[in-house]
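Work through the exercises below with the coordinates open. Try each task before reading its solution.

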Amino acid sequence: MSAIHFPGAIQVEVKRPLMFLILLNPHSGKGHAHALFNGNVQGMLQDAGIQHTLIITERQNHARELVREADLSQWDALVIMSGDGLLFEVVNGLMEREDWEEAIQTPLGVLPGGSGNALAASIHHYSGLQAVSSEELLISCGFILCKGLVSQLDLTSVCLASSQRLFSFLSLAWGFVADVDIESEKYRHVGAARFTVGTMVRLASPRVYRGKLAYLPIEDPMSQPSLVDSTQSNPSPLSVFGPTDFLLNPLNQPVPGHWTVVQDEDFVLVVAMYQSHLAKDMLAAPASRLDDGIIHLIYVKAGISRRSLLRLFLAMENGGHLNTNCPHVVYVKVKALRLEPYSPKGIITVDGELVDYGPVQAQIHGSLARLIAG
Ligand SMILES: Nc1ncnc2c1ncn2[C@@H]1O[C@H](COP(=O)(O)OP(=O)(O)OP(=O)(O)O)[C@@H](O)[C@H]1O
């Protein structure tokens, strides 16, 4: 085993042969994940001296249950070949274990086989590489996986009104983005283009979403763990495992007085990002990094014209949307946030997955997990 030290406090260990558990969702993306794996990745792993066990998931939550019970000592990494939804299962399965603290240190790996592939696109972007086609992205991520260099990864704890707590590696969305993500499921057969189609459909009849948004900016001295008395904090009642959400008050109490409460209550979208990409061709938070400890909160206030909104989404392809000087777009870096929608029905997504609709709050936990990245 050789230890390599990188500036930026990343300590990586590369040993061979590596043993990977690869979980593959055969229905992800256009439904070609298995063929793509056989055609593009299998040989690469063999050449790199990486042994693997491939498990084809049979149903939703199969991967979650599997990693919750698995003997993790057998594996050098847990890898998903799918979209972001399967990694969401793996992360939450690990965080549901009694030994979560150790389990979540198991390096994770990503091979894009879904339609969004946001984390894969983010990893590719952090490597300084240009945007590529879906198949090229798979090959790029295959190489990154074969190199086996491990970085740290932030996770965000997301608390729902049902007292459920989820761990998220990518995003929390409400409004336009969440609606497009879920409503475009029916265009799955067109692959990554489903988001473009969904965006155009929703642009034809944009909605206004009413609610209350509050957040703790990174500059606030109280966002530092050392300044918060964690014995006074109130973790959500069902958070049996996982770190304490020391910045959050219970959802049935007001947010701490030093938080910023947004005056506007009419939004077109609210999206909290902790990686750069929202989908393969959506560079929504260009400044985000794997373990910067920051939630990049972007919201668009109601009143924006349809044309400006279209321009915004077009500019997002290369991350230019934050430089358009659009007065309706707000971008803040935060440690925690709370969102309380007023409408009784709606869509909220966490890492692109539909979650219970209602009040929701979140806090980022820096470097909680580990990820094989370039
Ligand atoms: N065998 C399976 N049958 C049905 N659903 C599955 C199966 N395996 C996983 N799932 C679920 O399918 C959903 C979508 O999976 P995934 O994210 O991997 O693909 P995708 O939606 O195409 O990609 P993306 O999230 O990038 O858009 C997830 O909720 C996942 O839990």
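The exercises concern a predicted model, and each task is followed by a worked solution.

**Exercise 1. Confidence**

Task: Find the average pLDDT of the chain, and the share of residues that score at least 70.

Solution. Start with the whole chain. The average pLDDT is 91, and 92% of the residues score at least 70. Next, look at two weak stretches. Residues 1–11 have a pLDDT below 50. Beyond near neighbours in sequence, this stretch has 11 contacts in the model. Residues 230–238 also fall below 50. Their contacts beyond near neighbours in sequence number 19. Where pLDDT is low, the predicted coordinates should not be read in detail. Finish with the global scores: ipTM is 0.95 and pTM is 0.92.

**Exercise 2. The ligand shell**

Task: Determine which residues come nearest to the ligand, and which helix gives the largest share of the shell.

Solution. Take the shell first. There are 22 residues around the ligand. Ser82, Gly83, Gly85, Gly114 and Gly116 come nearest. Now sort by element. Helix H3, residues 84–95, supplies the largest share, with 4 residues. Last, sort by chemistry. The shell holds 15 polar, 5 charged and 2 nonpolar residues.

**Exercise 3. Two domains**

Task: Locate the two domains and describe the side of domain 1 that touches domain 2.

Solution. Set the bounds. Domain 1 runs over 2–154 and domain 2 over 157–368. Their C-alpha centres lie 24 Å apart. Count the contact: domain 1 puts in 30 residues and domain 2 puts in 32. Then assign the domain 1 side to elements. H3, helix H5 (118–126), helix H6 (134–147) and strand E7 (150–160) each supply at least two residues. H3 gives the most, with 7 residues. By chemistry, this side of domain 1 divides into 13 nonpolar, 11 polar and 6 charged residues. H3 thus appears in two settings: it gives the largest share of the ligand shell, and it gives the most to the side of domain 1 that touches domain 2.

**Exercise 4. Buried faces of H8 and H9**

Task: List the buried residues of H8 and of H9, and explain how they are placed around each helix axis.

Solution. Begin with helix H8, residues 194–204. Arg194, Phe195, Gly198 and Thr199 are buried there. They cover an arc of only 130 degrees around the axis, so they sit on the same side of H8. The general rule helps here. An α-helix has 3.6 residues a turn, so residues three or four places apart point the same way. The cover over the buried residues of H8 includes helix H7 (176–183) and helix H9 (306–316).

Repeat for H9. Its buried residues are Leu309, Leu312, Phe313 and Met316. Down the axis of H9 they fall within an arc of 90 degrees, so they line one face of the helix. Their cover includes H8, strand E12 (266–273) and strand E14 (329–341). H8 is thus among the cover of the buried residues of H9, and H9 is among the cover of those of H8.

**Exercise 5. Positive phi outside glycine**

Task: For asparagine 117 and aspartate 351, give phi, then decide whether each is buried or exposed.

Solution. Asparagine 117 is in the loop between strand E6 (108–112) and H5. Its phi is near 50 degrees, a positive value in a residue other than glycine. Asparagine 117 has 29 C-beta neighbours inside 10 Å, so it counts as buried. Aspartate 351 is in the loop between strand E15 (348–350) and strand E16 (353–355). Its phi is positive, at about 55 degrees, although it is not a glycine. Aspartate 351 is buried because 29 other C-beta atoms lie within 10 Å.

**Exercise 6. Neighbour counts**

Task: Classify glycine 43, proline 221 and phenylalanine 143 by burial.

Solution. The cut-off for exposed is 12 or fewer other C-beta atoms within 10 Å. Glycine 43, in helix H1 (residues 33–47), has 11, so it is exposed. Proline 221, in the loop between strand E10 (209–217) and strand E11 (260–261), has 9, so it is exposed. Phenylalanine 143, in helix H6, has 13 C-beta neighbours inside 10 Å, so it counts as partly exposed.

Conventions
Residues are numbered from 1 along each chain as its sequence is written. This is a predicted model: local features need pLDDT of at least 70, side-chain atom pairs count only at pLDDT 80 or more; totals for chains, interfaces and linings use all residues. A residue is near a molecule or strand if its C-beta atom, placed from the backbone, lies within 6 Å of it. Ala, Val, Leu, Ile, Met, Phe, Trp, Tyr, Cys and Pro count as nonpolar, Asp, Glu, Lys and Arg as charged, and the others, Gly among them, as polar. A residue is buried if 20 or more other C-beta atoms lie within 10 Å of its own, exposed if 12 or fewer, and partly exposed in between; C-beta atoms are placed from the backbone. Domain bounds come from an automatic or database domain assignment. Two residues are in contact if their C-beta atoms, placed from the backbone, lie within 7 Å. The arc is that of the directions from the helix axis to the C-beta atoms. pLDDT is the predictor's confidence in each residue, from 0 to 100.
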